[in-house]
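Grab a pencil and work through these exercises one at a time. Try each task yourself before you read its solution.

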Amino acid sequence: MFVCPICSSENLSTLYYGVLRTGTFGKSTSKKSYVYECQECSVKFIKNQLDESYYKSVDYREDYNNSLDIQSVYEEHDQIDANKLYTIGLENLRHKKIADFGAAAGSFLQLVANVSEFSVAIEPSQHFHEVLERHNKYVFSYGSDLVKSGIKIDVATSFDVIEHTQNPVTYAKEIYDSLHDNGKLYLKTPNFYDILHELNAEVFDPFNYRTAHLFYFDEDSLVNVLKRAGFSQIKVKYLHDYDVSNLLGWMKESKPTCLNKIKTFDNGFNIMYKNYLEQNALASHLWIEATK
């Protein structure tokens, strides 16, 4: 019997049946797939579409980022990484042992290199290991490798990763087991109830549902995963990564083409727009602060 991979409930409903995105905009599967919703724990998920080795190869980055160039990866993440650092607070990272789970080329860890005691990069893609080994004390492919090493950390970060994992509870449990007592996890993942889904699901959902994202979380389902992993002190907030021109581009052109392109609205307006979405749970991402 097919059951929810999080809570094992048989009470599932079909949320979507259609093509899935396989990379950047315009790339999609030839066959339709189901997206399911668990009526007990509210997680949304697709049956596994990818072999785990996909994330270790260059194919994943080429499909979804169109570039393997390290400098391009850094530049792509500059503003987003700055927002992550601002949200966490530099004072919460100073003199801490920090591990980033799903570090990619290590752009976030480079931001905190001069304040942390040491940094650990967890990244399955072997393509990035050479550069990661130059800038971090330890580099591992998976969280389980860090747990086996016996190294303990004060702060774990995980940005846009848990939705890719085969088993989110196991993934979160590996983070939990790697932390010192009272250690902190800062986790970011897409919010299922993004404003684009709420306003234009018919157009947005075939873009949002993708072979690389096995799980789709709302606040309740994500908190449930973290509690199952052992976390008890969990704070939830929302972050929005896009400006109003991105929304207007989707509504007008039905594609993600207008980020930072429509100059009618100034920075002040964009700040108000983002604040509204974050305060009303319509932002692009969920943000978690959890304590062991």
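## Exercise 1: Charged pairs

There are seven salt bridges in this structure, which is a predicted model.

**Task.** Find out which residues lysine 44 joins by salt bridges, and work out how they fit together.

**Solution.**

Step 1. Let's recall the idea: side chains of opposite charge can pair when their charged atoms come close. For a salt bridge, the cut-off is a nitrogen to oxygen distance within 4 Å.

Step 2. Check glutamate 37 against lysine 44: their side chains meet at 3.3 Å, N to O, in a salt bridge.

Step 3. Now try aspartate 218. Its closest O atom and the closest N atom of lysine 44 are 3.1 Å apart, and this pair is a salt bridge too. Lysine 44 belongs to strand S3 (residues 44-46), while aspartate 218 is in the loop between strand S9 (215-216) and helix H8 (219-229). That pair links distant parts of the chain, 174 residues apart.

Step 4. Put the pieces together: Glu37, Lys44 and Asp218 are linked in a network of salt bridges.

Step 5. Are these residues buried or exposed? Buried means under 20% relative accessible area. Lysine 44 has 0% relative accessibility, so it counts as buried. Aspartate 218 has 8%, so it is buried as well. Glutamate 37 is also buried.

## Exercise 2: A bridge across the sequence

**Task.** Explain why the salt bridge between aspartate 241 and lysine 188 ties together separate parts of the sequence.

**Solution.**

Step 1. Start with the contact: the two side chains, aspartate 241 and lysine 188, meet at 2.7 Å, N to O.

Step 2. Next, locate both ends. Lysine 188 is in strand S8 (residues 179-190), and aspartate 241 lies in the loop between strand S10 (233-239) and helix H9 (244-253), so the pair ties together parts that are 53 residues apart in sequence.

Step 3. Finally, check the burial. Aspartate 241 has a relative accessible area of 15%, so it is buried. Lysine 188 has 2%, so it is buried.

## Exercise 3: Rings

**Task.** Decide how the rings of tyrosine 34 and tyrosine 36 are arranged.

**Solution.**

Step 1. The structure has 22 aromatic pairs. In the pair of tyrosine 34 and tyrosine 36, the ring centres are 5.8 Å apart and the planes are at 25°.

Step 2. Planes under 30 degrees apart count as stacked, so this pair is stacked.

Step 3. Compare the burial of each one: tyrosine 34 is partly exposed at 41% relative accessible area, whereas tyrosine 36 counts as buried at 14%.

Step 4. Zoom out to the cluster. Both tyrosines belong to one aromatic cluster that also includes Phe2, Tyr17, Phe45, Phe215 and Phe217.

Step 5. Look for a charge over a ring: lysine 47 lies over the face of phenylalanine 2, at 4.3 Å from the ring centre. Likewise, arginine 21 lies over the face of phenylalanine 207, at 3.9 Å from the ring centre.

## Exercise 4: Strand S11

**Task.** Describe how covered strand S11 is, and which strands it joins.

**Solution.**

Step 1. S11 runs over residues 285-291 and is mostly covered, with six of its seven residues buried.

Step 2. Go to S8: seven bridges join S8 to S11, and the two run antiparallel. Here tyrosine 186 stands opposite glutamate 289 in S11.

Step 3. Then turn to S10, which is joined to S11 by seven bridges and is also antiparallel to it. Glutamine 233 stands opposite threonine 291 in S11.

Technical notes: Residues are numbered from 1 along each chain as its sequence is written. This is a predicted model: local features need pLDDT of at least 70, side-chain atom pairs count only at pLDDT 80 or more; totals for chains, interfaces and linings use all residues. Side-chain values use heavy atoms; hydrogens and water are left out. Buried means under 20% relative accessible area, exposed over 50%, partly exposed in between (1.4 Å probe, protein chains only). Helices (H or I, at least four residues) and strands (E, at least two) are DSSP runs, numbered from the N terminus. Rings of Phe, Tyr and Trp (its six-membered ring) pair if their centres lie within 6.5 Å; planes under 30 degrees apart count as stacked, over 60 as edge-to-face and the rest as tilted. A charge sits over a ring if NZ of Lys or CZ of Arg is within 6 Å of the ring centre and within 35 degrees of the ring normal. Two strands pair if DSSP finds at least two bridges between them.
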